[in-house]
Amino acid sequence: MLMTIVGVLVGLLILGVIIVGVYISIQGDAVMRLLVKKRTKAVLDKVYADRIDFSLEVPFDNVGKQEGTILDAYMRIYLPQEQYSDVLLRGKVNRDGYLREDDYFEAMLVPAGTGEKFVLRFEAYAKNGKSLEEAMENIPDVDVALFADCRGRRELYTVKEYFTLTADEMRALVK
């Protein structure tokens with residue numbers, strides 16, 4: 001009799017775990033996308049004696065079934081000095097409408113089926129005694145990796161997409 005009760009309880013426990021697992025899988029999760037193919041062209045923000053500031057916008061969305069959180073967003077600019085040493089290119093990622101100067105990304109909630117846009121801000125410094133126009137004259141196309149660290153129901157995951165800042169696009173900013 002005792003073994004029957006224990007067997008029934010274990011069976012109910014296993015059934016409960018299966019039902020909860022099915023329920024969780026039906027609920028879905030957040031799925032963030034960085035829509036780099038829909039990015040805007042670079043626009044000039046400010047001109048200094050030895051640098052220009054420019055920016056562009058990259059939309060993103062959550063195509064999942066649950067609200068998600070973007071905990072951090074950042075970019076990596078692939079312009080090593082071995083490739084081209086006359087320009088130092090730096091950048092930061094901000095939320096649209098929340099531009100910050102402290103290199104901090106303010107985490108955000110993204111409800112399912114919605115999206116916003118990131119503002120990618122760049123600083124291009126002329127180096128080696130060249131003027132900005134001279135330094136930008138021979139700049140190559142520059143690949144940029146955009147990262148977003150996201151969280152939904154599952155563990156933290158990173159979304160990474162690449163796009164290219166073309167040389168023509170950057171040269172047009174200084175003309």
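## A tour of the strands and the core

Begin by selecting strand β2 (residues 43–47) together with β3, and you will see that the two pair in the antiparallel sense over four bridges. The model you have open is a predicted one, and that should be kept in mind at each stop below. The connection between β2 and β3 is a hairpin that passes through three residues, and a convenient pair to label beside it is V47 with its bridge partner in β3, I52.

Keep β3 selected and extend the view to its other partners. Strand β1 (residues 32–34) also pairs with β3, again in the antiparallel sense, over three bridges, and here R33 has D61 as its bridge partner in β3. Next add strand β7 (residues 115–126), which runs antiparallel to β3 and is joined to it by eleven bridges; label D53 and you will find it standing opposite E123 in β7. If you now colour by accessibility, strand β3 (residues 51–62) shows up as mostly covered, with eleven of its twelve residues buried.

**The whole chain**

Zoom out before moving to the next sheet. The chain holds three helices and nine strands, and, read from the N terminus on, its elements follow the order α-β-β-β-β-β-β-β-α-β-β-α. Along the principal axes, the C-alpha atoms fill a box of roughly 90 × 30 × 25 Å, and the chain has a radius of gyration of 24 Å, where a compact globule of 175 residues would have one near 16 Å. Of the 175 residues in the chain, 39% are buried, while the exposed surface comes to about 10,400 Å², with carbon and sulfur atoms supplying 56% of it. Among the contacts with a separation of 6 or more, 74% are accounted for by residues 24 or more positions apart.

**The four-stranded sheet**

Now select β6, β4, β8 and β9, which in that order form an open sheet of four strands with antiparallel pairing. Because β6 (108–110) and β9 (157–165) each have a single partner strand, they stand at the edges, and one side of each is left without a neighbour in the sheet. Looking from strand to strand, neighbours in this sheet are turned by 35° against each other on average, with direction ignored.

Start at the β6 edge, where strand β4 (residues 68–78) pairs with β6 in the antiparallel sense over three bridges; I70 and its bridge partner in β6, M108, mark the place. Then cross to the other edge, where strand β8 (residues 142–151) and β9 run antiparallel and are joined by nine bridges. A hairpin of five residues leads from β8 to β9, and V144 can be labelled with its bridge partner in β9, F163.

**Two partly exposed residues**

Which residues does Y162 touch, once those up to four places away in sequence are not counted? Select Y162, which has its place in strand β9, and display its surroundings: the residues it touches are V36, Y78, V144 and A145. The C-alpha atoms of Y162 and A145 are separated by 4.4 Å, although the two residues are 17 residues apart along the chain. Y162 counts as partly exposed because its relative accessible area is 46%, and partly exposed covers values between the 20% limit for buried and the 50% limit for exposed.

Move next to D143, which lies in strand β8 and is likewise partly exposed, with a relative accessible area of 39%. Leaving aside neighbours within four places in sequence, D143 is in contact with R76, I77, Y78, F163 and T164. A distance worth drawing is the one from D143 to Y78, whose C-alpha atoms are separated by 5.4 Å across 65 residues along the chain.

**The nonpolar core**

For the last stop, turn to the interior. In soluble globular proteins, nonpolar side chains tend to be buried together. In this model the largest nonpolar core has 44 residues, and those with the most contacts inside it are F54, I70, L89, F118, L120, F122 and L165. Select L89 and show what surrounds it: not counting residues up to four places away in sequence, L89 touches F54, I77, L79, F122, E123, A124, V142, L165 and M170. Two residues from earlier stops can be picked out again here, since E123 is the residue opposite D53 and I70 is the bridge partner of M108.

Note on methods
Residues numbered from 1 in each chain as written. Predicted model: local features only at pLDDT ≥ 70, side-chain atom pairs only at ≥ 80, totals over all residues. Heavy atoms only, no water. Pairing = 2+ DSSP bridges. Axes fitted to C-alpha atoms, helices over the stretch in contact; angles between N-to-C directions. Core = buried A, V, L, I, M, F, W, Y, C linked by side-chain atoms within 4.5 Å. Buried < 20%, exposed > 50% of the residue type's maximum accessible area, 1.4 Å probe, protein only. Contact = heavy atoms within 4.5 Å. Rg over C-alpha atoms; globule rule 2.2 N^0.38 Å. Areas by Shrake-Rupley, 256 points an atom, 1.4 Å probe, with all protein chains shown as cover.
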